[in-house]
Each structure stands twice: as C-alpha cells, then as structure tokens.
Amino acid sequence: TAPSFGWRLARQVWRHPADHDLVVVRDLPLAALPVVLACKLRRVPWCVWTSFPMALGDRLGARDHWAAGRRVRAAATWLRGTLAQWVEERVVLPRAPHVFVQSDAMREQVLGRVR
C-alpha cells in the first residue's frame, strides 16, 4: 500500500542518503510525509510531481460509497482524503523546493490551494 511504500522509501533515504541524487514525491501526500521528513533530515534533495488531486479523488469516492450504502467505507475514505489534503496543502507543498505539474490548469489549482 502507499503509506507502507512511503515508509520503505524513507528508510532507504535515511540509511543511504548518498545513493539518492533527487527523490521525487508523487501524488500520495500521506506516503510523502515520511519521505519528506527523511529527505530534510538527511539533506537529500527532493521535489513534488503532481498529476492528479488524489485527496479530491478520495473525497469523491467517499460520496460514491455513501450513495451505495457503504457507510463505514465512505467515512474511512473521506477521512483519508481530508487528512491527505491537509498534509499536502499545509506540509508537503509549502516546503517543496520544486513542484512539477502536468498542466497549466493544475498549476493554477495547486497555487490556489497552497497557503
């Protein structure tokens, strides 16, 4: 799963910082959190590449689960999306030295979300 991947990558960065010229964090803010922390502490360059608003996708998916009567799954998905959006907007993107986006429209959306 994505969060466990984030922890595995963070562990690799922590153990072998010289092996990484640049770490690219992509689209999964909850998985990005431990990676960003490891990169900052070990002084490994990192950047963000975003191509899809995953947090928004989770919140829309929660709405679909709710409509289908899957209330617990809807709540869990909504919580994950809400937490991911907070982490992305308040922790990852503001601290990123560089943010790559897929389109001009996404650039405007990201600029509008980061405070």
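## Legends to the close-up views

**View 1. R80 forms a salt bridge with D58, and their closest N and O atoms are 2.9 Å apart.** A salt bridge is taken here as a side-chain nitrogen of Lys or Arg within 4 Å of a carboxyl oxygen of Asp or Glu. The pair links distant parts of the chain, since R80 belongs to helix α4 (residues 71–95) and D58 to helix α3, with their positions 22 residues apart in sequence. Helices (H or I, at least four residues) and strands (E, at least two) are DSSP runs numbered from the N terminus. The structure is a predicted model, in which local features need pLDDT of at least 70 and side-chain atom pairs count only at pLDDT 80 or more, while totals for chains, interfaces and linings use all residues. Residues are numbered from 1 along each chain as its sequence is written, and side-chain values use heavy atoms, with hydrogens and water left out. R80 counts as partly exposed because its relative accessibility is 43%, whereas D58 counts as buried because its value is 16%; buried means under 20% relative accessible area, exposed over 50%, and partly exposed in between (1.4 Å probe, protein chains only).

**View 2. D104, R107 and E108 are linked in a network of salt bridges.** In one pairing, the side chains of R107 and D104 meet at 3.3 Å, N to O, and both residues lie in helix α5 (residues 104–113), three residues apart, which is about one turn of the helix. In the other pairing, R107 forms a salt bridge with E108, the closest N and O atoms being 3.3 Å apart. R107 is partly exposed at 38% relative accessibility, as is E108 at 46%, whereas D104 is exposed at 53%. A search of the whole structure finds three salt bridges.

**View 3. H65 is a buried residue of the protein, with a relative accessible area of 16%.** H65 lies in helix α3 (residues 54–67). When residues up to four places away in sequence are not counted, H65 touches R70, R73, A74 and T77, a contact being defined by heavy atoms within 4.5 Å.

**View 4. L22, V24, W49 and F100 make a nonpolar surface patch of about 360 Å².** Patches are made of residues with over 30% relative accessible area and no salt bridge, like charges being joined within 9 Å and nonpolar side chains (Val, Leu, Ile, Met, Phe, Trp, Tyr) within 5 Å. Accessible areas come from the Shrake-Rupley method with a 1.4 Å probe, and for residues only the protein chains shown count as cover. Within this patch, F100 has its place in strand β3 (residues 99–101) and is partly exposed, because its relative accessible area is 44%.

**View 5. The whole protein, shown for orientation, has five helices and three strands.** From the N terminus on, these elements run α-β-α-β-α-α-β-α, and the C-alpha atoms fill a box of roughly 50 × 30 × 20 Å along the principal axes. Buried residues make up 34% of the 115 residues, and of the contacts with a separation of 6 or more, 63% are accounted for by residues 24 or more positions apart. The accessible surface comes to about 7,400 Å², of which 59% belongs to carbon and sulfur atoms. The mean positions of the 18 positive and 9 negative charges are 8 Å apart; Lys and Arg count as positive and Asp and Glu as negative, with His and the chain ends not counted, and the place of a charge is taken as NZ of Lys, CZ of Arg, CG of Asp or CD of Glu.
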